[in-house]
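Please read the following report alongside the sequence and the coordinates.

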Amino acid sequence: MTRSDLKADLHLYLQDARDALLWKLEGLSEYDIRRPMTPTGTNLLGLVKHMTSAEAMYFGENFGRPFDAPPLWIVGNAERNSDMWATADESREQIVKMYRQALAHSDETIESLPLDAVGRVAWGERSEVTLHRSLVHMIAETDRHAGHADIVRELIDSVVGLRTGSDCMAPGDAAWWESHRDRLERVAREADGRA
């Protein structure tokens, strides 16, 4: 049995989630990546914008390594929820570029510090956090939002999965999936006494 490198394992899972989030933008129009698909306005480009701020805070500010970029969307007098959507003058290219820059900055922090390095957050009861805890948090946070992105993308054009060529779904064509969904609807109605 081989021993794994805990930090490398955590970093790998974080990178997989990052890649999945960015993949959800591929092949879509400007409208579709900005389109609010839930009652709270969840949209694909907004999720990337939000994660840019999260990466900058958790692996930058919290470890005394501020991310050198224009002011992020969550500090100062930022409009409420402004990190969750892109204005008409914020391009896809600009937001994705800033996300990639934040990731590179985060990766430098991850690579240069030991897992037990202590950082400080400006909120919450536990202000001291280790790099290990920050990595675990960001894996959960990024996977959570990649999951949101997966559902939003499915609502837009039925594309699902982790990455190109790996949809992680049971085999079936469109007719099979429609039949499956109809079956689930019948089961839900029966369970609720609406049959």
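The report below goes from the overall fold to one helix, two single residues and a pocket.

This is a predicted model, in which local features need pLDDT of at least 70 and side-chain atom pairs count only at pLDDT 80 or more, while totals for chains, interfaces and linings use all residues. Residues are numbered from 1 along each chain as its sequence is written, and side-chain values use heavy atoms, with hydrogens and water left out.

The chain has six helices and two strands, arranged from the N terminus as α-α-α-α-β-β-α-α; helices (H or I, at least four residues) and strands (E, at least two) are DSSP runs numbered from the N terminus. Of its 195 residues, 39% count as buried, where buried means under 20% relative accessible area, exposed over 50% and partly exposed in between, with a 1.4 Å probe and protein chains only.

Helix α1 covers residues 6-23, and the end C-alpha atoms of its 18 residues are 26 Å apart, in agreement with the 26 Å expected at 1.5 Å a residue; the expected span is 1.5 Å times one less than the number of residues. At the N-terminal end, Asp5 caps α1, with a side-chain oxygen 3.1 Å from the backbone nitrogen of Lys7. The buried residues of α1, among them Leu10, Leu14 and Trp23, pack against α3 (44-59), α4 (92-112) and α5 (131-157), contact meaning heavy atoms within 4.5 Å.

Two residues are set side by side here.

| Residue | Place | Relative accessible area |
|---|---|---|
| Met138 | helix α5 | 0%, buried |
| Ser158 | loop between α5 and α6 | 58%, exposed |

Leaving aside neighbours within four places in sequence, Met138 is in contact with Leu14, Met51, Ala54, Glu55, Tyr58 and Phe59. Met138 and Leu10 lie 9.8 Å apart, C-alpha to C-alpha, although 128 residues separate them in sequence. Ser158, for its part, has a phi near 70°, a positive value in a residue other than glycine.

The largest pocket holds about 360 Å³ of space. Of the 13 residues that line the largest pocket, Glu154, Ser158, Val160, Met169 and Trp177 are the closest to its centre. A pocket here is an open set of points on a 1 Å grid over the protein atoms alone, where a 1.4 Å probe fits, with protein on both sides within 12 Å along at least five of seven lines, and lining residues have an atom within 4 Å of a point. Helix α6 (residues 174-191) gives the most to this lining, with six residues.

Terms used
Grid points are joined across faces, edges and corners, and a volume is the space filled by probe spheres set on the points. A polar contact is a pair of N or O atoms within 3.5 Å; within protein, one must be able to donate a hydrogen and the other to accept it, and residues adjacent in sequence count only if both atoms are side-chain atoms.
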